[in-house]
Amino acid sequence: MRLVLVGPPGAGKGTQAQFIASHLSIPKISTGDIFRSNVSQGTALGRRAQAFMERGDLVPDEVTIAMVTDRLQEDDAQSGYLLDGFPRNVPQAETLKKLLSAWDARLDVVLELVVDDDEVVRRLSGRRTCRRCGRIWHVLFDPPAHREICDDCGGELFQRDDDREETIRHRIEVYQEQTAPLVAFYADEGILLGIDATGPVEEITERALSALRRFIRLPRAAGTVEAAVAEREMRMPSDPKLRCSDADRERTVALLREHLAAGRLTAEEFNERLEAAFAARTQGQLDELLADLPAIDLYELPDATVRRSWPGYGQLPWGRRSG
Ligand code: AP5
């Protein structure tokens with residue numbers, strides 16, 4: 001599985017990445033960790049990145065992309081990985097897409113961790129990281145038994161240079177300007193999952209894993225109300241005004257067709273909803289069209305796909321428009 005975690009600084013990407021990657025038995029690749037390790041070793045890469053990191057700015061794309069391209073070719077990354085902190089802007093996302101396509105691969109899913117700015121500042125100002133194993137702690141929310149020592153490996157804990165309040169605020173601005181547009185980018189690709197990243201760490205891990213399981217394989221039996229709710233939650237964009245993509249419309253229409261075939265919708269009802277799906281501009285409007293119907297497991301349908309290869313796609317007005 002090739003997975004990306006996206007979210008503002010302090011959303012818990014590093015915290016969740018360590019648990020999710022270990023659960024899925026894939027390596028966690030954190031560009032922030034790689035840069036920090038190079039800074040502490042005084043390498044040429046570290047010297048180049050240091051000033052940008054201390055200011056809370058992004059390291060230039062050419063440096064970051066070259067570093068990630070090398071890392072993705074290492075042996076442990078051949079059967080999947082979890083990317084934490086990359087891509088960080090649309091040009092990086094486009095480059096990653098081209099790179100993967102050249103290797104005959106693609107991302108499976110992008111998981112967005114949604115938290116508000118005040119929570120971010122609370123979290124980052126109390127963060128401590130282990131110098132030896134990289135384990136992330138928080139002085140209040142996830143404290144180690146001894147203030148400056150990692151419970152897991154006995155390593156020394158340190159506070160990151162970019163976790164000063166003024167730098168945190170700047171990093172949030174950089175996120176809003178440069179990284180947040182990735183949410184729309186990946187929603188358009190049809191591979192975005194958004195989860196609420198507030199609450200206890202273990203609950204968020206469980207939320208993330210169950211959303212991922214449904215998105216990748218959707219193994220549960222179809223037809224329960226819980227499945228319908230869960231499916232809508234996992235598709236919910238963080239911004240309620242975020243426009244729905246062609247892939248979202250396509251998926252909704254595929255489901256409406258199944259309900260028509262199963263006799264849960266009359267032809268007239270189906271046509272009305274088809275029109276509404278065509279007119280919908282947000283994921284919320286699409287969800288409304290399925291709200292009173294039982295959930296269907298797309299992956300259990302014989303011709304089911306969430307991608308544009310869906311057989312009916314070319315006959316739909318938006319399918320024709322996109323070619
Ligand atoms: P990076 O290391 O990626 O930093 P970031 O994105 O700003 O994210 P953070 O690591 O600060 O936060 P996080 O979401 O991982 O939160 P965490 O789990 O630690 O990047 C650093 C710098 O490197 C960038 O500014 C840039 O200069 C450069 N860089 C990196 N990638 C780049 C790229 N692709 N392009 C260009 N430049 C790049 O959690 C935070 C705290 O909250 C912890 O203390 C944790 O214990 C606590 N916490 C976590 N979850 C919870 C919870 N549920 N409840 C309470 N507390 C919690």
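Let us begin with strand E5. Arg-127 and Thr-129 point one way from this strand, while Arg-128 and Cys-130 point the other way, and all of them are buried. Please bear in mind throughout that we are looking at a predicted model.

Strand E5, residues 127-130, pairs with E6 in the antiparallel sense, over 3 bridges. Which residues of E6 are the bridge partners? For Arg-128, the partner in E6 is Trp-137. For Arg-127, the partner in E6 is His-138. The two strands form a hairpin, with 5 residues between E5 and E6. In the turn sits Gly-134, whose phi is positive, at about 85°.

E5 also has a partner in E7. These two run antiparallel and are joined by 2 bridges, and Leu-157 in E7 is the bridge partner of Cys-130. Taken together, 3 strands form an open sheet in the order E6-E5-E7, with antiparallel pairing. E6 and strand E7 (157-158) are the edge strands, as each pairs on one side only.

I now turn to the ligand. How many residues surround it? There are 36. The closest are Pro-9, Gly-32, Gly-85, Arg-123 and Arg-127. Several elements give two or more residues to this shell, among them helix H1 (13-24), helix H6 (117-125) and strand E6 (136-138). By class, the shell contains 14 nonpolar, 14 polar and 8 charged residues. Arg-127, then, appears twice in our account: it is among the closest residues to the ligand, and it is a buried residue of E5.

Helix H1 deserves its own description. It has 12 residues and reaches 15 Å from its first C-alpha to its last, close to the 16 Å expected at 1.5 Å a residue. Its buried residues are Lys-13, Gly-14, Thr-15, Gln-16, Ala-17, Ile-20 and Ala-21. The helix is followed by Ser-25, which has a positive phi near 55°.

Finally, consider Ile-26, which lies in the loop between H1 and strand E2 (28-30). Is Ile-26 buried or exposed? Ile-26 counts as partly exposed because 18 other C-beta atoms lie within 10 Å, whereas a buried residue would need 20 or more. Leaving aside neighbours within four places in sequence, Ile-26 is in contact with Met-1, Ala-21, Gly-80, Tyr-81 and Leu-82. Of these, Leu-82 is 56 residues apart from Ile-26 along the chain, yet their C-alpha atoms are separated by 6.7 Å. Ala-21, another of these contacts, is one of the buried residues of H1.

Terms used. Residues are numbered from 1 along each chain as its sequence is written. This is a predicted model: local features need pLDDT of at least 70, side-chain atom pairs count only at pLDDT 80 or more; totals for chains, interfaces and linings use all residues. A residue is near a molecule or strand if its C-beta atom, placed from the backbone, lies within 6 Å of it. Helices (H or I, at least four residues) and strands (E, at least two) are DSSP runs, numbered from the N terminus. Ala, Val, Leu, Ile, Met, Phe, Trp, Tyr, Cys and Pro count as nonpolar, Asp, Glu, Lys and Arg as charged, and the others, Gly among them, as polar. Two strands pair if DSSP finds at least two bridges between them. A residue is buried if 20 or more other C-beta atoms lie within 10 Å of its own, exposed if 12 or fewer, and partly exposed in between; C-beta atoms are placed from the backbone. Two residues are in contact if their C-beta atoms, placed from the backbone, lie within 7 Å. The expected span of a helix is 1.5 Å times one less than its number of residues.
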